[in-house]
Amino acid sequence: MIVKVILINLLLLAVYCALILMGSADAHKGFNMAVGAGVCITAQVVLNIFIGLVMLVMAKLEIGKALLISAPVVGIVGFCSWLILLSIYG
């Protein structure tokens, strides 16, 4: 379950970054990457933590633990990929 949640979160992160890059003009890709991907990564991590806590309160322990474990993984991988894409397009 944990692996599935992490893979779904990383897939969403890749989709966010791809949509930001495809929807940006060449001159503004660095700024859009800095702001857009940063906001998407932060929102995804915060939502994972929030929904994980809600699931724990609702006694769905497996899903809650999986979401709480995936939040720092997505944060670290998202931050590193954000830095790489920012150095390419910034």
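These are my notebook entries on a predicted model of a protein chain.

**Entry 1: overall layout**

I began with the secondary structure and found 3 helices and 0 strands in the protein chain. Read from the N terminus, the order of elements is α-α-α. I then looked up the extent of the chain: its C-alpha atoms fill a box of roughly 50 × 20 × 15 Å along the principal axes. Of the contacts with a separation of 6 or more, 64% join residues 24 or more positions apart.

**Entry 2: surface and burial**

I looked up the exposed area of the protein chain, which is about 5,600 Å². Carbon and sulfur atoms supply 80% of that area. Of the 90 residues in the chain, 31% are buried.

**Entry 3: the nonpolar core**

Which residues form the largest nonpolar core? I listed 12 residues: L13, C17, I20, L21, M33, A37, I41, V45, A71, V74, W82 and L85. Two or more of these residues come from each of α1 (2–22), α2 (29–57) and α3 (61–89).

I selected V74 from this core for a separate check. Setting aside neighbours within four places in sequence, I found V74 in contact with N9, L10, Q44, V45, N48 and F79.

**Entry 4: helix α3**

I noted that α3 has 29 residues and reaches 41 Å from its first C-alpha to its last. This span is close to the 42 Å expected at 1.5 Å a residue. The buried residues of α3 are G64, A66, L67, S70, A71, V74, G78, W82 and L85. An α-helix has 3.6 residues a turn, so residues three or four places apart point the same way. I also recorded that α1 and α2 are among what covers the buried residues of α3.

**Entry 5: A59**

Where does A59 lie? I located A59 in the loop between α2 and α3. Its phi is positive, about 70°, although A59 is not a glycine. Most residues other than glycine have a negative phi. I classed A59 as exposed because its relative accessibility is 60%, and the cut-off for exposed is over 50%.

**Entry 6: the cysteines**

How many disulfides are there? I counted 0 disulfides. C17 is in no disulfide, and the nearest cysteine sulfur, that of C40, is 7.4 Å away. C40 is likewise in no disulfide. A disulfide requires sulfur atoms within 2.5 Å, so the pair does not count as one.

Is C17 buried or exposed? I recorded C17 as buried, at 9% relative accessibility. C40 is partly exposed, with a relative accessible area of 21%.

Conventions:
Residues are numbered from 1 along each chain as its sequence is written. This is a predicted model: local features need pLDDT of at least 70, side-chain atom pairs count only at pLDDT 80 or more; totals for chains, interfaces and linings use all residues. Side-chain values use heavy atoms; hydrogens and water are left out. A nonpolar core is a set of buried Ala, Val, Leu, Ile, Met, Phe, Trp, Tyr and Cys residues joined through side-chain atoms within 4.5 Å. Buried means under 20% relative accessible area, exposed over 50%, partly exposed in between (1.4 Å probe, protein chains only). Helices (H or I, at least four residues) and strands (E, at least two) are DSSP runs, numbered from the N terminus. Contact means heavy atoms within 4.5 Å. The expected span of a helix is 1.5 Å times one less than its number of residues. Accessible areas come from the Shrake-Rupley method with a 1.4 Å probe; for residues, only the protein chains shown count as cover.
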